[in-house]
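Subject: Structure for you to look over

Dear colleague,

I am handing over the structure we spoke of, and below it I have set out what was found. Please read the notes with the coordinates open beside them.

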Amino acid sequence: MNIALSLSPGTSVMGDCFRCDRSGLQTIRAGVMTSPGGPGHVAGETPIFVCRACERALLARHMEAQTSPARPYVRPGLHHPH
Ligand SMILES: [Zn+2]
């Protein structure tokens with residue numbers, strides 16, 4: 001199963017929030033959940049909806065990730081600064 005988030009302003013619908021599990025509130029489409037086809041099951045695509053509060057939280061985390069990219073490794077020969 002894969003989850004692809006693509007936050008973009010769009011029409012909001014009443015529904016359940018994917019992130020915080022609240023239901024019956026205004027949500028926007030935040031991405032899509034996909035699963036590949038295979039023996040016993042067919043490929044599927046399910047849209048993901050989140051509430052406004054979670055949209056902001058996800059956006060904030062996204063901005064954070066862009067401004068301070070995590071280093072997956074430390075280059076040889078360089079000591080950690082602390
Ligand atoms: Zn939420």
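To begin with Gly-10, since it is a convenient place to enter this predicted model: leaving out residues up to four places away in sequence, Gly-10 touches Ile-28 and Arg-29. Gly-10 itself sits in the loop that links β1 (2-5) and β2 (12-15), and its C-alpha atom is 9.5 Å from that of Ala-30, a residue 20 places away along the chain. Is Gly-10 buried or exposed? It counts as exposed, because Gly-10 has 9 C-beta neighbours inside 10 Å, and a residue with 12 or fewer is placed in that class.

As for the overall layout, the protein has 1 helix and 4 strands, and from the N terminus on these elements follow the order β-β-β-β-α. The pairing of the strands can be followed through β3, which pairs with β1 in the antiparallel sense over 4 bridges and with β2, again antiparallel, over 4 bridges. β3 and β4 also run antiparallel, and they are joined by 8 bridges. If you would like particular pairs to check on screen, Ile-3 has Met-33 of β3 as its bridge partner, Met-14 stands opposite Gln-26 in β3, and Ser-35 is partnered by Gly-44 in β4.

The largest nonpolar core has 7 residues, namely Cys-17, Phe-18, Ile-28, Ala-30, Phe-49, Val-50 and Cys-51. Two or more of these residues come from each of β3 (25-35) and β4 (44-51), with β4 giving the most, at 3 residues. In soluble globular proteins, nonpolar side chains tend to be buried together. Within the core, Phe-49 is worth following in detail: once its neighbours within four places in sequence are set aside, Phe-49 is in contact with Val-13, Gly-15, Asp-16, Cys-17, Phe-18, Thr-27, Ile-28, Arg-29 and Ala-30.

Helix α1 covers residues 52-67, and its 16 residues reach 23 Å from the first C-alpha to the last, close to the 22 Å expected at 1.5 Å a residue. The number of buried residues in α1 is 1 of the 16, so the helix lies largely in the open.

Over the protein as a whole, 12% of the 82 residues count as buried, and of the contacts between residues at least 6 apart in sequence, 50% join residues at least 24 apart.

With kind regards

Conventions: Residues numbered from 1 in each chain as written. Predicted model: local features only at pLDDT ≥ 70, side-chain atom pairs only at ≥ 80, totals over all residues. Buried ≥ 20, exposed ≤ 12 C-beta atoms within 10 Å, placed from the backbone. Contact = placed C-beta atoms within 7 Å. Expected span 1.5 Å × (residues − 1). Core = buried A, V, L, I, M, F, W, Y, C linked by C-beta atoms within 7 Å. Pairing = 2+ DSSP bridges.
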